[in-house]
Amino acid sequence: MDSLDFEKSKNILKKILSHDKFLSLIAEKIEDNERITVDEGLQLYECKNLSALSLLANKKRKQINGNFVFFNKNFHIEPTNICVYNCRFCSYRRTVKDTDSWDYSIAEMLKICKNHSGKNISEVHIVGGVHPNHDLNFYCTLIAEIKKILPNVHIKAFTAVELDYMINKANLTLEEGLLKLKNVGLNSIPGGGAEIFDKEIRTQICYQKSDSNTWLKIHKTAHKIGITSNASILFGHIETYRHRINHLDMLRNLQDETKGFNAFIPLKYKNLNNAISKIGEVNDIEVLKNFAVSRIFLDNIKHIKSYWPMLGKNLAAFALHFGADDMDGTIDDTTKIYSMAGAEEKNPAMTTAEMVKFIKELGFTPVERDSVYNKLNVFE
Ligand code: V47
Ligand code: SF4
């Protein structure tokens with residue numbers, strides 16, 4: 001069933017939108033493949049008509065990705081939760097003295113990789129804290145050794161914040177540091193560390209770490225030397241819609257310039273056990289609205305991730321009807337960054353068969369992809 005097919009429901013949509021000049025205009029712009037402005041994006045955030053947002057975002061999703069929903073076969077390594085920074089939204093970072101901190105040796109991480117060899121995995125995702133004692137050489141060795149064990153696996157590793165710290169410490173320029181990592185086998189960069197680009201909000205939630213210009217510069221430099229990346233937003237804390245749309249605008253502008261972003265990941269702030277827990281979490285409607293606006297506004301970033309370990313399977317399913325076209329991966333258990341912040345999935349893992357069934361039941365065509373969205377397997 002294709003219940004939200006824009007073409008089939010054009011008349012319903014026209015009816016819904018005929019009373020609303022603004023939504024009709026957005027529908028026309030989408031129909032004509034025309035970009036919406038920052039002010040229109042802001043107005044969309046303020047829109048309370050959730051069914052219209054779903055239909056509009058679906059139209060855009062279909063225009064860009066047809067009826068396909070992507071996933072990959074991946075696993076996560078989180079090298080350490082010891083971090084020199086102390087972002088106020090983070091439930092995960094610890095100091096060396098904390099008994100629940102961890103800091104894997106290279107040998108331990110390679111053991112995780114060996115356990116995944118022969119399983120037809122196409123990606124390893126590596127994100128962790130910014131450890132004071134690990135340097136660029138440590139991470140270059142890690143990447144090079146992983147490539148020996150899993151030569152055909154794509155390595156997506158280190159947020160711009162981790163990269164900024166290790167490259168600075170090595171006294172190299174961003175380009176030199178990134179080239180060093182690329183030469184040992186780094187393939188792409190994950191989307192984390194972006195949080196919110198607005199200076200005042202960033203100061204309030206994570207003033208110590210890399211600023212927005214640095215984040216953007218790292219991704220721009222990576223794109224220049226042929227390392228593609230993802231982008232993200234951390235939303236649902238103290239930011240306003242204006243901050244969100246400005247964030248999306250900065251990403252859209254950079255993408256116009258470099259075309260290096262593969263996917264955008266809206267990360268909902270989770271509030272368990274962190275310094276700003278008392279502000280609570282936004283509701284599911286807000287999450288879906290954020291997916292819809294992101295899809296409609298970011299016309300030049302092809303994929304929007306419904307990151308199921310954080311959202312939980314139910315909300316991730318809804319997000320696919322609000323513009324998202326990618327479920328991320330089968331994951332295979334080891335991610336703690338969200339479970340420690342209160343995410344629905346405590347030990348996230350789905351088999352390929354479960355993922356395919358999940359996507360099919362929602363009326364989409366599942367596609368197993370590689371990390372840069374080449375189609376490996378279409379499950380018609
Ligand atoms: O930058 C930290 C986020 C990010 C919380 O590229 C939180 O495919 C919610 O890089 N509530 C790191 N979010 C994760 C990351 C990532 C995740 C998924 C996919 C990809 C990809 C990359 O995790 C951080 C921060 O924005 N985060 N704490 C929290 N309490
Ligand atoms: Fe460290 Fe990342 Fe947590 Fe910030 S979000 S404290 S950089 S682990």
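Helix H9 gives the largest share of the lining of the second largest pocket, with 4 residues. That makes a handy starting point for a walk through this predicted model.

The second largest pocket holds about 180 Å³ of space. Its lining takes in Phe197, Lys199, Arg202, Thr203, Cys206, Tyr207, Lys209, Asp211, Ser212, Asn213 and Met250. Two elements, helix H9 (199-206) and helix H10 (212-224), give two or more residues each to this lining. Sorted by class, the lining has 4 nonpolar, 3 polar and 4 charged residues.

Lys209 links this pocket to another site. Besides being among the residues that line the second largest pocket, Lys209 belongs to the surroundings of ligand 2. Its companions around ligand 2 are Cys83, Tyr85, Cys87, Phe89, Cys90, Tyr92, Arg93 and Gly129. By class, the shell around ligand 2 has 6 nonpolar, 1 polar and 2 charged residues.

Phe89 takes us on to ligand 1. While Phe89 is one of the residues around ligand 2, a polar atom of the Phe89 backbone is also 2.9 Å from a nitrogen atom of ligand 1. Here are three pairs of polar atoms that you can look up in the structure:

| Atom of ligand 1 | Protein partner | Distance |
|---|---|---|
| nitrogen | Phe89, polar backbone atom | 2.9 Å |
| oxygen | Gly192, polar backbone atom | 3.0 Å |
| oxygen | Asn230, N or O atom in the side chain | 3.0 Å |

On its own, ligand 1 has 630 Å² of accessible area, and the protein covers 97% of it. There are 25 residues around ligand 1, and those that come nearest are Lys156, Gly191, Gly193, Glu195 and Lys305. The shell divides into 11 nonpolar, 8 polar and 6 charged residues. Strands E6 (228-235) and E7 (261-268) each supply at least two of the shell residues, and the largest share, 3 residues, comes from E7.

Glu195, one of the residues that come nearest to ligand 1, deserves a second look. Its place is in the loop between strand E5 (188-189) and H9, the helix that opened this report. The phi angle of Glu195 is near 50 degrees, which is a positive value in a residue other than glycine. Is Glu195 buried or exposed? Glu195 counts as buried because its relative accessibility is 7%, and the cut-off for buried is under 20%.

Asn120 makes a good partner for that comparison. Here too phi is positive in a residue other than glycine, with a value near 65 degrees. Asn120 sits in the loop between helix H5 (106-115) and strand E3 (123-126). With a relative accessibility of 59%, Asn120 counts as exposed, since exposed means over 50%.

Two helix residues round off the tour. Asn58 lies in helix H4 (residues 50-65) and is buried, with a relative accessible area of 2%. The Asn58 side chain makes a polar contact with the side chain of Arg61, at 3.2 Å. How far apart in space are Asn58 and Asp325, C-alpha to C-alpha? They are 9.6 Å apart, although 267 residues separate them in sequence.

Leu248 belongs to helix H11 (residues 241-258) and counts as buried, at 0% relative accessibility. Leu248 and Val38 are 210 residues apart in sequence, while their C-alpha atoms are 8.8 Å apart in space.

Note on methods. Residues numbered from 1 in each chain as written. Chains lettered and ligands numbered in written order. Predicted model: local features only at pLDDT ≥ 70, side-chain atom pairs only at ≥ 80, totals over all residues. Heavy atoms only, no water. Near = heavy atom within 4 Å. Nonpolar A, V, L, I, M, F, W, Y, C, P; charged D, E, K, R; others polar. Buried < 20%, exposed > 50% of the residue type's maximum accessible area, 1.4 Å probe, protein only. Polar contact = N/O pair within 3.5 Å; in protein donor to acceptor, adjacent residues only side chain to side chain. Areas by Shrake-Rupley, 256 points an atom, 1.4 Å probe, with all protein chains shown as cover. 1 Å grid on protein atoms, 1.4 Å probe; cavity = no way out; pocket = protein on both sides within 12 Å on 5 of 7 lines; lining within 4 Å. Points joined across faces, edges and corners; volume = space filled by probe spheres on them.
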